[in-house]
Amino acid sequence: MKRILLTAGFSIVLLLGACGGSEETGDEQAAVDDGKAIYRSASCFSCHGADLEGASGPNLQEVGARLSEDEIRTVIVEGTDVMPGGLVEDSKELDALAAWLSEQQ
């Protein structure tokens, strides 16, 4: 009996430990997932790399340390001398992508 209770208690501790550890709420995690998905669907990865490491475009792994979310949004909308603007037109997708990129520090 003790073995069963001990095993059950240990299992519960492991289960609860696996559920915790993230400070993001469900909405924040959804925005992160959306930002990643939009990065891929808008073909950003073709120039900036699958892991933001850069390819023909610059490395974005620490873009959030260099630019604010608003500055990132402006670059996406207006483009730069080598990057075309307007690649993400939907405002919710634009917000999610800019938020996700701003967290890359």
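**View 1. The protein follows the pattern α-α-α-α-α-α along its sequence.** This is a predicted model. The protein has 6 helices. It has 0 strands.

**View 2. Of the 105 residues in the protein, 26% are buried.** The accessible surface of the protein is about 7400 Å². Carbon and sulfur atoms hold 57% of that surface. Now consider the contacts between residues with a separation of 6 or more. In the protein, 48% of these contacts join residues 24 or more positions apart.

**View 3. Helix H5 crosses helix H6 at roughly 125°.** H5 covers residues 69-78, and H6 covers residues 91-102. Their axes come within 9 Å. The crossing angle makes H5 oblique to H6. Why oblique? Angles of 65 to 115 degrees count as roughly perpendicular and those over 145 as roughly antiparallel, so roughly 125° fits neither class. The crossing of H5 with H6 is right-handed.

**View 4. Residues from both helices make the contact between H5 and H6.** Which residues does H5 bring to the contact? They are Glu69, Ile72, Arg73, Ile76 and Val77. H6 brings Leu94, Asp95, Leu97, Ala98, Ala99, Leu101 and Ser102.

**View 5. The contact of H5 with H6 is sorted here by residue class.** How many residues of each class take part in the contact? There are 8 nonpolar residues. Another 3 are charged, and 1 is polar. Ile72 of H5 and Leu97 of H6 are among the contact residues. So are Arg73 of H5 and Asp95 of H6.

Conventions:
Residues are numbered from 1 along each chain as its sequence is written. This is a predicted model: local features need pLDDT of at least 70, side-chain atom pairs count only at pLDDT 80 or more; totals for chains, interfaces and linings use all residues. Side-chain values use heavy atoms; hydrogens and water are left out. Axes are lines fitted to C-alpha atoms, for helices over the stretch in contact, and angles run from 0 to 180 degrees between N-to-C directions. Helices (H or I, at least four residues) and strands (E, at least two) are DSSP runs, numbered from the N terminus. Angles under 35 degrees count as roughly parallel, over 145 as roughly antiparallel, 65 to 115 as roughly perpendicular and the rest as oblique. A crossing is left-handed if the near helix is turned anticlockwise from the far one by less than a right angle, and right-handed if clockwise. Contact means heavy atoms within 4.5 Å. Ala, Val, Leu, Ile, Met, Phe, Trp, Tyr, Cys and Pro count as nonpolar, Asp, Glu, Lys and Arg as charged, and the others, Gly among them, as polar. Buried means under 20% relative accessible area, exposed over 50%, partly exposed in between (1.4 Å probe, protein chains only). Accessible areas come from the Shrake-Rupley method with a 1.4 Å probe; for residues, only the protein chains shown count as cover.
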